[in-house]
Amino acid sequence: MATMEMIGKTALGVKFNAQNGGRHRFVENLQTAMTAWEYRITHPWYLSKTLFRLSSVNQKHDQSQKIINDFTDEIINKKLDEMNQNADNEKKVETDDDDDICRKTKTVIEILLGNYHEMSHEQIRDELVTIMIGGQETTAMANACAIFMLAHHPDVQNKVFEELQSIFSNGDQNRSPTYEDLQQMEYLERVIKETLRLFPPLPVYGRSLDEEMKIGEYLCPAGSTLMVCPLFLHSSEQYYNDPEKFNPDNFLPDTYHSRHPYTFIPFSAGYRNCIGIKYGMLQMKTVISTLVRKNTFFPSDRCPTPKDLRLMFLATLKFVDGCYVKIIPRTS
Ligand code: HEM
């Protein structure tokens, strides 16, 4: 819910109050629509559009999709009115809360509406919904896995904490992280990358071939669907020593550059890679650093070793029975 709140503010400029148990129609229906996609993936006969159209899940999906679209349309129209009234909107950016940082920066919706003449209303709406979907569960999963791995690797957690202490020893020690602070979190960045190596939130994605293509000894005909599986690639002994071990040093600059760039592809690669890489890394650094500055994490009895963490694949990587850690607040 925290990542939903963050992406809601960044992309739409909307506060959902999702973390405080608020029931927002956009949040609820996005979850319903995502559950419907997952259902379709796990029931392959529903990959046939005709069969899926007959199912009750499809009806729920369509209802939710309509509510999502209507809500996004409302936000777009409201924002367009605001921008028209406020021709000088470079200087004054309205959001629905008093958060100063939102007043100084543009939300994704404002950037897209700045190009309103180049994109149709539907294109802008679809882009916004895609960003809301792409920017939420992925980072939520990565943040949870990173905290879990820190709980199970106290040496790594201590190093993260030491790095944070050194960064925040200057100026107001209790400040929220600035962009410059986040740039200095080099060890934490390696921890996040190592987490994404072992737990890629999108463990499989597909590409369809417009033209036939030879890959090694295989000739793949035009129209084939190729599945790319970062989960297998990232755990290959061909590219990583002791691949099951959680080792942030896999991302020390020299070690990282000694491997082929496509041996680490949690965000995909090439033209259609993730558009949220930079935002996602900043968001994960902000969340994890804030949590580690204030708390120490330990293994929970409910999940005593990393091997007890059961994962499954739906549209994204998911926990089968949750992800538990013990949290002790730091005293000073
Ligand atoms: C840990 C965080 C993230 C991971 C692992 C991740 C992973 C990916 C991957 C693998 C793809 C390609 C999917 C495919 O080709 O089928 C993708 C696409 C995309 N991601 Fe992310 N993502 C993350 C965070 C974000 C964030 C924070 C945003 C938004 C702010 C975002 C927005 C998108 C969008 C819009 C696309 C579609 C791009 C296109 O089709 O051209 N992602 N992401």
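I take helices and strands as DSSP runs, numbered from the N terminus. The model I am reading is a predicted one.

**Entry 1, the iron.** I looked up what holds the iron atom of the ligand. I found a single donor from the protein, the SG atom of Cys274, at 2.3 Å. Next I placed Cys274 in the fold: this residue belongs to the loop between α13 (253-258) and α14 (277-294).

**Entry 2, the shell around the ligand.** I listed the surroundings of the ligand and got 23 residues, with Gly134, Arg207, Pro266, Arg272 and Cys274 coming nearest. I then went through polar contacts. Arg207 has a side-chain N or O atom 2.6 Å from an oxygen atom of the ligand. Arg272 also places a polar side-chain atom by a ligand oxygen, at 2.7 Å. For Gly134 the contact runs from a polar backbone atom to a nitrogen atom of the ligand, at 3.3 Å. I noted which elements give two or more residues to this shell: α7 (121-134), α8 (137-152), β1 (205-208) and α14. By residue class I have 12 nonpolar, nine polar and two charged.

**Entry 3, aromatic pairs.** I turned to the rings and counted six aromatic pairs. I looked at Phe26 and Phe71, whose ring centres are 5.2 Å apart; their planes meet at 45°, so I log the pair as tilted. Phe26 is in helix α2 (residues 25-42) and Phe71 in helix α4 (residues 56-85), so this pair ties together parts 45 residues apart in sequence. I checked burial for both residues. Phe26 has a relative accessible area of 1% and is buried. Phe71 is at 5% and counts as buried.

I went on to Phe251 and Tyr256. Their ring centres lie 5.9 Å apart with planes at 40°, so I log this pair as tilted. Phe251 counts as buried because its relative accessibility, 6%, is under the 20% cut-off. Tyr256 comes out at 27%, so I put this residue down as partly exposed.

I also noted a cluster, in which ring pairs link Tyr39, Trp45, Tyr46 and Phe52.

**Entry 4, charges over rings.** Which residue lies over the face of Phe52? I found Arg40 there, 4.5 Å from the ring centre. Phe52 is thus logged twice, since the aromatic cluster includes this residue as well. Phe251 also has a charge over its ring: the charged end of Arg259, 5.2 Å from the centre.

Key. Residues are numbered from 1 along each chain as its sequence is written. This is a predicted model: local features need pLDDT of at least 70, side-chain atom pairs count only at pLDDT 80 or more; totals for chains, interfaces and linings use all residues. Side-chain values use heavy atoms; hydrogens and water are left out. Rings of Phe, Tyr and Trp (its six-membered ring) pair if their centres lie within 6.5 Å; planes under 30 degrees apart count as stacked, over 60 as edge-to-face and the rest as tilted. Helices (H or I, at least four residues) and strands (E, at least two) are DSSP runs, numbered from the N terminus. Buried means under 20% relative accessible area, exposed over 50%, partly exposed in between (1.4 Å probe, protein chains only). A charge sits over a ring if NZ of Lys or CZ of Arg is within 6 Å of the ring centre and within 35 degrees of the ring normal. Donors are N, O and S atoms within 2.8 Å of the metal (3.2 Å for Na, K and Ca); water is not among the atoms, so sites may look incomplete. A residue is near a molecule or strand if one of its heavy atoms lies within 4 Å of it. A polar contact is a pair of N or O atoms within 3.5 Å; within protein, one must be able to donate a hydrogen and the other to accept it, and residues adjacent in sequence count only if both atoms are side-chain atoms. Ala, Val, Leu, Ile, Met, Phe, Trp, Tyr, Cys and Pro count as nonpolar, Asp, Glu, Lys and Arg as charged, and the others, Gly among them, as polar.
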